[in-house]
Amino acid sequence: MKDTHKHQGLRNQLVKTVQSKGITDIKVLEAIGKIPRHLFMDSSFIDFAYQDNAFPIAAGQTISQPYTVAFQTELLKIKSGHQVLEIGTGSGYQTAVLLEMGAKVYTVERQKELFKKTKIFLPKLGYKPKKLVFGDGYKGLPEFAPFDGIIVTAGAPFVPKPLLSQLKIGGRLVIPVGQETQIMTLFIRSGEKSFEKHELSKFRFVPLLKDKN
Ligand code: SAH
């Protein structure tokens with residue numbers, strides 16, 4: 001688990017790339033500049049880890065593209081101490097970004113293999129989510145609700161109702177909605193029963209899966 005000057009140099013380049021694509025939140029950029037993304041990948045993708053691309057991880061899943069991670073995180077408007085729920089732990093990279101920004105993170109993964117791996121891996125780098133749960137993200141985590149922010153990192157065919165109901169008033173849900181391609185959608189809970197909805201740009205995610213295997 002080595003992190004060298006070479007990696008730091010590549011990371012600085014990645015930060016510039018993400019910035020050039022329109023990300024301005026300094027805390028998001030700092031997190032990307034700090035987290036050793038190459039260690040979140042399966043084998044030694046050292047030369048690829050700091051390209052702005054998604055890559056395969058275990059169980060047929062992917063580590064999201066850094067720009068996508070930055071775009072979603074920026075929309076959450078995280079403040080230190082915010083309670084944030086992540087659906088789709090995957091490699092744990094997005095989780096690390098949220099933790100770097102001072103959020104208290106609850107994260108759910110439905111693939112056992114990834115869940116086990118990431119649960120052991122994250123603390124080794126000093127990243128400690130409040131909860132890392134093996135379960136079905138469609139249900140959210142009602143026992144730890146309400147949340148200031150909820151981020152879904154897989155393509156959702158529809159917006160799961162439990163996620164909306166687990167937001168605080170003023171809380172934000174960032175979710176890519178759609179089948180083949182998804183529209184990044186931001187919901188802001190404006191009242192007990194009211195939500196503002198903003199549809200942003202198109203992305204392509206692995207699907208949010210229904211049944212556990
Ligand atoms: N945030 C991750 C992205 C992983 S890709 C990262 O940065 O690496 C999306 C993840 O969502 C995959 O790990 C997939 O197994 C998980 N996933 C898919 N359906 C899910 C569901 N219903 N509940 C929880 N996680 C799910």
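A residue counts as near a molecule when one of its heavy atoms lies within 4 Å of it. Keep that cut-off in mind as we walk through this predicted model, starting at the ligand. In this sense, 27 residues surround the ligand, and the closest are Thr-62, Ser-91, Glu-109, Gly-137 and Leu-209.

Let us look at some of the polar contacts. Gly-137 places a backbone N or O atom 2.8 Å from a nitrogen atom of the ligand. Leu-209 also works through its backbone, with a polar atom 2.8 Å from a ligand nitrogen. From Glu-86 the approach is through the side chain, where a polar atom lies 3.3 Å from a nitrogen atom of the ligand. How much of the ligand does the protein bury? Taken alone, the ligand exposes 570 Å², and the protein buries 100% of that. The space that the ligand takes is the largest pocket. Several elements give two or more residues to the shell around the ligand: strand 2 (62-63), strand 3 (83-87), helix 4 (93-100) and strand 4.

Strand 4 is a good place to step from the ligand into the fold. This strand covers residues 104-109 and pairs with strand 5, residues 131-134, in the parallel sense over four bridges. To find the pairing on screen, look for Tyr-106, which stands opposite Lys-131 in strand 5. Helix 5 (residues 112-124) joins the picture here, as strand 4, helix 5 and strand 5 make a right-handed β-α-β unit.

Further along the chain comes an antiparallel pair. Strand 8 (residues 182-189) and strand 9 (residues 195-203) are joined by seven bridges. Gln-182 stands opposite Phe-203 in strand 9, and a hairpin of five residues links strand 8 to strand 9.

Finally, two backbone details deserve a look. Most residues other than glycine have a negative phi, and most peptide bonds are trans. Which residue departs from the usual sign of phi? Ala-59 does: its phi is near 60°, a positive value in a residue other than glycine. You will find Ala-59 in the loop between strand 1 (55-56) and strand 2. And where is there a cis peptide bond? The bond from Ala-145 to Pro-146 is cis, with omega near 5°. Pro-146 belongs to the loop between strand 5 and strand 6 (147-152).

Key: Residues are numbered from 1 along each chain as its sequence is written. This is a predicted model: local features need pLDDT of at least 70, side-chain atom pairs count only at pLDDT 80 or more; totals for chains, interfaces and linings use all residues. Side-chain values use heavy atoms; hydrogens and water are left out. Two strands pair if DSSP finds at least two bridges between them. A crossover is right-handed if, with the strands pointing away from the viewer, the path from the first strand over the helix to the second runs clockwise. A polar contact is a pair of N or O atoms within 3.5 Å; within protein, one must be able to donate a hydrogen and the other to accept it, and residues adjacent in sequence count only if both atoms are side-chain atoms. Accessible areas come from the Shrake-Rupley method with a 1.4 Å probe; for residues, only the protein chains shown count as cover. On a 1 Å grid over the protein atoms alone, a cavity is a set of points where a 1.4 Å probe fits but cannot get out, and a pocket is an open set with protein on both sides within 12 Å along at least five of seven lines; lining residues have an atom within 4 Å of a point. A molecule sits in a cavity or pocket if more than half of its atoms lie within 2 Å of its grid points.
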